[in-house]
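Here is a short round of questions and answers on a protein model. Look at the structure first, then follow the reasoning.

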Amino acid sequence: MRNRIFVYSTIVLLMAVNILVAQPVKQHGQLAVKGTRLINKDGKEIVLRGVSFGWHNWHPRFYNREAVKWLADDWNCTVVRASMGVGPRGSYIDRKDWSKEKIEAIIEGAIKSDIYVIIDWHSHEIHTGEAKAFFAEMAKKYGKYPHVIYEIFNEPVKDSWETVKDYSVQLIKTIREVDPDNIILVGSPHWDQDIHLVADDPIQGYENLMYTVHFYAATHKKNLRDRSDYALNKGTPIFVSECAGMEASGNGPIDDKSWEEWISWMEANKISWVCWSVSDKKETCSMLLPSASDTGNWHEKDMNESGLKTRDKLRIYNK
Ligand code: MG
């Protein structure tokens with residue numbers, strides 16, 4: 001009898017734990033794009049919300065499984081973004097194996113914590129050959145996991161949409177040869193501001209593509225939302241893979257009013273959003289302070305204003 005009570009109470013306890021621990025990927029599974037919306041395995045619309053790690057080459061200390069677990073459990077992130085720096089000295093181009101190790105720690109951490117993960121080619125210029133080789137390898141290794149989202153070009157700066165489109169089609173072909181279905185995020189020109197150009201001439205012939213818009217709320221306001229509305233009205237799916245409350249430089253004061261306007265707009269349009277960034281540089285957008293440990297367990301004293309506000313917003317919207 002006593003045994004039976006023990007067994008029953010253990011089952012009830014396990015069920016309770018299961019309900020308490022969010023398991024976004026178990027719940028939503030393989031994602032797809034329908035119209036302008038992201039949908040889950042049951043065809044229901046879904047909004048992902050989370051944070052981006054900072055450039056891996058400058059902030060490698062946070063690139064570990066434990067930090068991902070902390071962001072999933074304590075910040076309620078349903079997605080994290082691994083920003084593999086490509087371009088500056090010491091980034092992917094000259095430290096390939098080390099860079100992949102860092103990125104894979106985030107990918108594997110996300111799979112273990114059952115949240116989605118964006119593999120972000122964090123570049124401002126085109127490196128077609130390297131990008132193809134990298135994403136072919138990632139797709140082979142991780143394309144079977146519903147957790148994974150590919151972001152093939154963080155922020156084009158000088159390249160025209162014609163050039164970015166040509167690069168993107170090559171990358172999409174490379175990924176689709178291996179992974180037929182996971183979401184691919186395509187950058188739009190001019191730091192992901194020129195979404196209207198994308199809307200006028202979108203990529204044809206491939207499924208499950210979304211285009212990125214990035215905003216920094218103290219700099220970018222209604223103008224960029226109007227452009228994005230134009231794109232949505234033309235059927236362009238948008239994913240905000242980077243955003244924050246301060247100026248586009250990553251510094252200056254947070255504009256709370258503008259940030260809230262952006263969040264209301266994204267929520268109204270069911271657009272997923274990822275905040276920049278998990279790093280500890282002395283700047284407004286770096287959410288952590290040097291006292292923060294490498295592996296999570298961050299207390300309020302380890303976070304700056306942007307970190308505290310971002311965590312609050314994620315806890316509210318991802319409840
Ligand atoms: Mg797949």
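Two strands pair if DSSP finds at least two bridges between them. The model discussed here is predicted.

Q: Which residue in S4 stands opposite Val-51?
A: Start with the strands. S3 (residues 49-53) and S4 run parallel, and three bridges join them. Across this pairing, the residue in S4 that stands opposite Val-51 is Val-80.

Q: Through which helix does the chain cross from S3 to S4?
A: The crossover is of the β-α-β kind, and it is right-handed. The helix on the way spans residues 65-73. The name asked for is H3.

Q: How many bridges pair S4 with S5?
A: S4 and S5 pair in the parallel sense. One facing pair is Met-84 opposite Trp-121 in S5. The chain gets from S4 to S5 through helix H4 (residues 96-113), in a right-handed β-α-β crossover. The number of bridges between S4 and S5 is eight.

Q: Is strand S4 largely enclosed or open, and how many of its residues are buried?
A: Take one side of S4: Val-79, Arg-81, Ser-83 and Gly-85 are all buried. On the other side, Val-80, Ala-82, Met-84 and Val-86 are buried too. Strand S4 (residues 79-86) is therefore largely enclosed by the rest of the structure, and its buried residues number eight of the eight.

Q: How many aromatic pairs does a search of the whole structure find?
A: A pair of aromatic rings is described by the distance of the centres and the angle of the planes. Ring centres must lie within 6.5 Å to pair. With the whole structure searched, the number of aromatic pairs is 16.

Q: Are the rings of Trp-121 and Phe-134 stacked, edge-to-face or tilted?
A: The ring centres of Trp-121 and Phe-134 are 5.6 Å apart. Planes under 30 degrees apart would count as stacked, and over 60 as edge-to-face. The planes of Trp-121 and Phe-134 stand at 40°, so the pair is tilted.

Q: How many residues apart are Trp-121 and Phe-134 along the chain?
A: Trp-121 is in strand S5 (residues 116-123), and Phe-134 is in helix H5 (residues 128-142). Both Trp-121 and Phe-134 are buried. They also belong to one aromatic cluster with Tyr-92, Phe-135 and Tyr-150. The pair links distant parts of the chain, and the separation is 13 residues.

Q: At what distance from the ring centre of Tyr-92 does Lys-96 lie?
A: Tyr-92 is part of an aromatic cluster that includes Trp-121. Lys-96 lies over the face of Tyr-92, and the distance from the ring centre is 5.5 Å.

Q: Over the ring of which residue does the charged end of Arg-225 sit?
A: A charge over a ring must be within 6 Å of the ring centre. The charged end of Arg-225 is 4.9 Å from the centre of its ring partner. That partner is Trp-262.

Q: Is Tyr-145 buried, partly exposed or exposed?
A: Tyr-142 and Tyr-145 form a tilted aromatic pair, 6.2 Å centre to centre and 45° between the planes. Tyr-142 has 3% relative accessibility and counts as buried. Buried means under 20%, and exposed over 50%. Tyr-145 has a relative accessible area of 27%, so Tyr-145 is partly exposed.

Q: Which residues are the protein donors of the magnesium ion?
A: The donors follow the spacing G-x35-D-x1-D-N along the chain. Gly-143 and Asp-179 are 36 residues apart and link distant parts of the chain. Both of these residues are buried. The protein donors lie 2.2 to 2.4 Å from the ion, and they are Gly-143, Asp-179, Asp-181 and Asn-182.

Q: What is the phi of Asp-192 near?
A: Asp-192 is found in helix H7. Asp-192 is buried, with a relative accessible area of 0%. Its phi is positive, although the residue is other than glycine, and the value is near 65°.

Q: What is omega of the peptide bond that joins Trp-276 and Ser-277?
A: Ser-277 is found in strand S10 (residues 273-278). The bond that joins Trp-276 and Ser-277 is cis, and its omega is about -5°.

Conventions. Residues numbered from 1 in each chain as written. Predicted model: local features only at pLDDT ≥ 70, side-chain atom pairs only at ≥ 80, totals over all residues. Heavy atoms only, no water. Phe/Tyr/Trp six-rings, centres within 6.5 Å; stacked < 30°, edge-to-face > 60°. Helix = DSSP H or I, 4+ residues; strand = E, 2+ residues; numbered from the N terminus. Buried < 20%, exposed > 50% of the residue type's maximum accessible area, 1.4 Å probe, protein only. Lys NZ or Arg CZ within 6 Å of the ring centre and 35° of its normal. Donors = N, O, S within 2.8 Å, 3.2 Å for Na, K, Ca; no water. Right-handed = clockwise from strand over helix to strand, strands pointing away.
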